[in-house]
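Here is a briefing on one protein chain, grouped by topic for quick reading. Have the structure open as you go.

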Amino acid sequence: MSGPFPIPSTELFLARRTFLKLAGGAAFLAACGDGNGGGGGTDNASPTTDAAPAPRLVLDPDTPWWLQGNYAPVTKEVEAFDLAVTGALPPALAGLYVRNGSNPATGSSPHWFLGDGMVHGIHLEGGKARAYRNRWVKTPLYEQRAEFADLSVGAPGDGVSQSNVSVIHHHGKLLTLGEVGWPYELSADDLATVGPHELVGPGTLGPNVTAHPKRDPDTGKLHFFGYGFVAPYLTYYVAAADGTLELAQQVDVAGPTMIHDFAITDRDAIFWEFPVVFDFDAAVNGGDFPFRWEPSYGSRIGIMPLEGPTSAIRWVEVDDQFVFHGTNAFRDGDEIVVDVNRQQSAFAPGGDPPGSLLHRWRIDTSGPELRWREEQLSETWMDLPRIDERHTGRKHGRGYYASFTDTVDEGLQFRGVVGFDPKTGEEDAWVPHEALHAGEVVFVPDGDDAGPDEGWLLTYVYDRRTEQSAFTVLDATDLASGPVASVTLPQRVP
């Protein structure tokens, strides 16, 4: 027997994970389950784990690594109510926490990035874990159990998307996003798919929207972009707080490249373009992944006025590298500061050097030509950055990251959570038992008047001893102390 999620009236944060804050007096979930529930109440035991040894993870060489361990897809949509809480959920956490990720419905995919989108949501209220649900995003590719490059469903773009990367909440709508295609709207009641969402009427939005929009905290406007496999190769968009698409302008670039993320300040939009190019032959001939590393394309960073025009963009050539995710950007006088997780390459022949290291770019805008320099900030392998998003585009406090390892035996494994203070260079980390694997976090302030970095980090943590996942809450000011609360879920979260 099911019960609805209360519809959130205000929203706090956006990106791969999102947390929707509920207004006071929101309706409670029906306190009944379908056999998947964990039993109500709060366990006063400390939310830590014992030191039982972890089973050694041995990869099957005949199976892609993204289909093994906790990368492997789950096969069921489930729901559970009144789940048991270990520790104490902070009162500020009243809302719906949603995570999106790749989960191929067929059980197989040609690449980690190319599975059907699946969202996992947990509803919190009054110190209780009221409900959990997971649902596939019902795109045409999911419905027909088709691969991303299956042209019988349609060319990638518009409604043909796996919508498997992120979740945002804007103008009252819960939206999933992928690398290409339109956003998909979900019901905040039960995570059911409503359908593709174009923001405004037909023809106002190009065929592609990428997965990492930025919301200006002063205006509430959403800044985002899409890249294309054919011209126009890059388009910049601005949507008003009410969802109206105010701006759609092409950015002049030489060809089709993968641009996964970008950044804004209070007056600039910052694009980075590196030599990962679309491989048309691989796409039409059934290649594993339609992008490749091509150093001859070059590497550059572009600076343009926030809200355009895109014709005013200025570029500076930089060292070859690749950046999936930026932490944040802000103005420091005539310089633009951008913190990014930098790799040496991506999708290169023979594989890429391991590691993703935090770097800081400084771009001097004072002269007729931009000047760029960079410095490495940390030796820790980490990515999937998050900040207190009340400071998006402004000078931020700590950044929060998922740390990872990459070994021959176990492959790429996410491990713990790192907090990095760019002012001092100090790191605070939660590195749990070797069997536990934490993912990307979301920062939620501890109330409307909370100071910078005063709040909570939310994530899902997988335990390979039990093949279970738990919703986990960390104190953003003291990661090393470990979880303040956790909720074991009825479904593993890949």
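The side chain of Thr210 reaches the backbone oxygen of Phe225, at 2.9 Å. This comes from a predicted model, so treat each distance as computed. Thr210 itself sits in the loop between strand 11 (193–196) and strand 12 (214–215).

**Thr210 and its surroundings**

- Is Thr210 buried or exposed? Thr210 has a relative accessible area of 1%. The cut-off for buried is under 20%, so Thr210 counts as buried.
- Beyond residues up to four places away in sequence, Thr210 touches Phe225, Gly226 and Tyr227, among others.
- Its other contacts include Leu177, Gly178 and Glu179. Ile259 and His260 also touch Thr210.

**The chain overall**

- The chain has 494 residues, and 61% of them are buried.
- Its secondary structure comes to two helices and 34 strands.
- Take the contacts between residues at least 6 apart in sequence: 60% of these join residues at least 24 apart.

**Sheet 12-13-14-15**

- Four strands form an open sheet in the order 12-13-14-15. The pairing is antiparallel.
- Strand 12 and strand 15 (245–250) are the edge strands. Each pairs on one side only.
- Strand 14 (residues 234–239) and strand 15 run antiparallel and are joined by five bridges.
- Thr235 stands opposite Gln250 in strand 15.

**His170**

- His170 lies in strand 8. With a relative accessible area of 3%, His170 is buried.
- Which side chain makes a polar contact with the side chain of His170? The partner is Arg215, at 3.1 Å.
- Arg215 is also among the residues that His170 touches, leaving out those up to four places away in sequence. Gly220, Leu222, Ala239, Ala240, Ala241 and Gly243 are on that list too.
- His170 and Lys221 are 51 residues apart along the chain. Their C-alpha atoms are separated by 9.3 Å.

**Cavities**

- How many cavities of 30 Å³ or more does the structure hold? There are two.
- The largest cavity holds about 60 Å³ of space.
- His170 helps to line the largest cavity, as do Ile168, His171, Leu175 and Leu177. The lining also includes Pro183, Leu199, Val209, Pro213, Leu222 and Phe224.
- Strand 8 (166–170), strand 9 (173–177) and strand 13 (222–227) each give two or more residues to this lining.

**Sheet 22-23-24-25**

- Here an open sheet of four strands runs in the order 22-23-24-25, with antiparallel pairing.
- Why is one side of strand 22 (322–332) and of strand 25 (371–376) left without a neighbour in the sheet? Both stand at the edges, and each has a single partner strand.
- From one strand to the next, the twist averages 25°.
- Strand 22 and strand 23 (residues 335–343) pair over eight bridges, in the antiparallel sense.
- Arg331 stands opposite Ile336 in strand 23.

**Val337**

- Val337 is found in strand 23. Its relative accessibility is 0%, so Val337 counts as buried.
- Set aside neighbours within four places in sequence. Val337 is then in contact with Asn328, Ala329, Phe330 and Asp332, among others. Arg360, Trp361 and Arg362 also contact Val337.
- Val337 and Ile363 lie 26 residues apart in sequence. In space they are 6.6 Å apart, C-alpha to C-alpha.

**Hairpin of strands 28 and 29**

- Strand 28 (residues 411–420) and strand 29 run antiparallel, joined by four bridges.
- The two strands form a hairpin with six residues between them. Gly425, in the turn, has a positive phi of about 80°.
- Gly419 stands opposite Asp428 in strand 29.
- In a regular strand, side chains alternate between the two faces of the sheet. Strand 29 (residues 427–430) shows such alternation.
- Which side chains of strand 29 are buried? Asp428 and Trp430 point to one face and are buried. Glu427 and Ala429 point to the other face and are not buried.

Terms used: Residues numbered from 1 in each chain as written. Predicted model: local features only at pLDDT ≥ 70, side-chain atom pairs only at ≥ 80, totals over all residues. Heavy atoms only, no water. Pairing = 2+ DSSP bridges. Axes fitted to C-alpha atoms, helices over the stretch in contact; angles between N-to-C directions. Buried < 20%, exposed > 50% of the residue type's maximum accessible area, 1.4 Å probe, protein only. Polar contact = N/O pair within 3.5 Å; in protein donor to acceptor, adjacent residues only side chain to side chain. Contact = heavy atoms within 4.5 Å. 1 Å grid on protein atoms, 1.4 Å probe; cavity = no way out; pocket = protein on both sides within 12 Å on 5 of 7 lines; lining within 4 Å. Points joined across faces, edges and corners; volume = space filled by probe spheres on them.
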